[in-house]
Amino acid sequence: MATRSILYAVGLPASSTADFTPGVSATVKTVCPDIEPVVDRRILTPSITSMWAWGNPVPAQGDARGLGQPGMAPQPLAEFAASRQLSDVFLSVPFASNQGVAISTWLSGSVSALHTGGQRVSALGGDYGWVANPDLAVQWMTAARSVAPVDGVELDVEPWTENPNWTSDEADIGQYIGLVRQAEATAHSLGMTFGLDAPWWLATTPYQSGTALETLLHYVDRVSIVSYSDHGGRMDGIIAQAWMAVTQTVAAHVPFTIGVQTSSDAIAGGSQYTFADRGSAALEGECLTVRSAYESAPGYAGITVEEYLSWATLKP
């Protein structure tokens, strides 16, 4: 009998794949001892490994920071993350989260529920004002850590939205880098990892003798390379956009994910930047394409979806 391979396409949790031996392999090898089962781990493990989760379920009438989003309650949030076998959830945390019973109760409950499901949780947040006053970022993450045992920080500050000339303003770039340095130091002092949301084009933004991204990579434990498009291939797709940023990140020995988007066209800035119109099947298919391009890159840690509530309601 000629030697053959058998593909076992079984939907097991990602945590199972490291030690996975197909359940029928013993029987198969007894009958056909020259057959070696082969497992396609791209089927066994999800392409999407993390998500940004913005919002909270707290009623606005009870707290000015409340957004009244039921889907952000601890149970549905944790159930969704577990059903998608996510490893990380970047959970938005309001400023001064240790003040007010409603916010702190929700935050601690969400972190507990996600931890029970096996997810790591990072406090997600950012405000333009933090660039000029990094102490505000320190206060924010210190409060979050005092409320719940969050594992890390995911900083999302976008100063380029306030300054149209930001990419050529070295002083502004330097000030932003200063914020990142201080935020990293504080996160580590509190026993948390530090991650950064970084758009792909930071890898093409000159700064000193290199690029803005190359400098930022000195101060992060991981980076989410934001590469919004509604397709993986072609020259304007996710893979090509992210290429330079991935190259610089790999050279810096920093773990990374690729960020994609499911937000509405209005929020995304156009249908070409989001899977909102294309649906979940397209999202999954294009994410497989992206993973095939980058999964062999050192530090590749999957794909992050922006954002939970829109992803959860994405059409088939």
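Glu184 is an odd one: the residue is buried yet has no salt bridge, and the nearest side chain of opposite charge, Arg181, sits 6.7 Å away. A salt bridge here needs a side-chain nitrogen of Lys or Arg within 4 Å of a carboxyl oxygen of Asp or Glu, so Arg181 at 6.7 Å does not make the cut for Glu184. Keep in mind that this is a predicted model.

Where does Glu184 sit? The residue belongs to helix H7, which covers residues 170-189. So what is Glu184 in contact with, once neighbours within four places in sequence are left aside? The list is Phe194, His218, Tyr219 and Val220.

**The chain as a whole**

Zooming out, the protein chain has 12 helices and 12 strands. It runs to 316 residues, and 47% of them count as buried. Take the contacts between residues at least 6 apart in sequence: 74% of these join residues at least 24 apart.

**Charged pairs that do meet**

Unlike Glu184, which has no salt bridge, some charged side chains in this model do pair up. The count comes to six salt bridges. Three of them are set out here, with the N to O distance and the relative accessible area of each partner.

| Acidic residue | Basic residue | Closest N to O distance |
|---|---|---|
| Asp88 (12%, buried) | Arg120 (46%, partly exposed) | 2.6 Å |
| Glu286 (16%, buried) | Arg278 (36%, partly exposed) | 3.4 Å |
| Asp236 (44%, partly exposed) | Arg234 (60%, exposed) | 3.9 Å |

Start with Asp88 and Arg120, whose closest N and O atoms are 2.6 Å apart. Asp88 lies in strand S4 (residues 88-92) and Arg120 in strand S5 (residues 120-125), so the bridge ties together parts of the chain that are 32 residues apart in sequence. The acid end of that pair is buried, as Asp88 has a relative accessible area of 12%. Arg120, at 46%, is partly exposed.

Glu286 and Arg278 show a similar mix of labels: Glu286 is buried at 16%, while Arg278 is partly exposed at 36%. Their side chains meet at 3.4 Å, N to O.

The pair of Arg234 and Asp236 has no buried partner: Arg234 is exposed at 60%, and Asp236 is partly exposed at 44%. The closest N and O atoms of this pair are 3.9 Å apart.

**Asp277 and its surroundings**

Asp277 is found in the loop between helix H10 (265-268) and helix H11 (280-294). Its relative accessible area is 39%, so Asp277 counts as partly exposed. Which residues does Asp277 contact, leaving aside neighbours within four places in sequence? They are Asp265, Ser271 and Lys315. Lys315 is 38 residues from Asp277 in sequence, with 8.0 Å between their C-alpha atoms.

**The largest pocket**

Last stop is the largest pocket, with a volume of about 380 Å³. Its lining is made up of 17 residues, and Glu158, Trp160, Pro199, Val226 and Tyr228 lie nearest the centre. How does the lining of the largest pocket split by class? There are 10 nonpolar residues, three polar and four charged.

Technical notes
Residues are numbered from 1 along each chain as its sequence is written. This is a predicted model: local features need pLDDT of at least 70, side-chain atom pairs count only at pLDDT 80 or more; totals for chains, interfaces and linings use all residues. Side-chain values use heavy atoms; hydrogens and water are left out. On a 1 Å grid over the protein atoms alone, a cavity is a set of points where a 1.4 Å probe fits but cannot get out, and a pocket is an open set with protein on both sides within 12 Å along at least five of seven lines; lining residues have an atom within 4 Å of a point. Grid points are joined across faces, edges and corners, and a volume is the space filled by probe spheres set on the points. Ala, Val, Leu, Ile, Met, Phe, Trp, Tyr, Cys and Pro count as nonpolar, Asp, Glu, Lys and Arg as charged, and the others, Gly among them, as polar. Helices (H or I, at least four residues) and strands (E, at least two) are DSSP runs, numbered from the N terminus. Buried means under 20% relative accessible area, exposed over 50%, partly exposed in between (1.4 Å probe, protein chains only). Lys and Arg count as positive and Asp and Glu as negative; His and the chain ends are not counted. Contact means heavy atoms within 4.5 Å.
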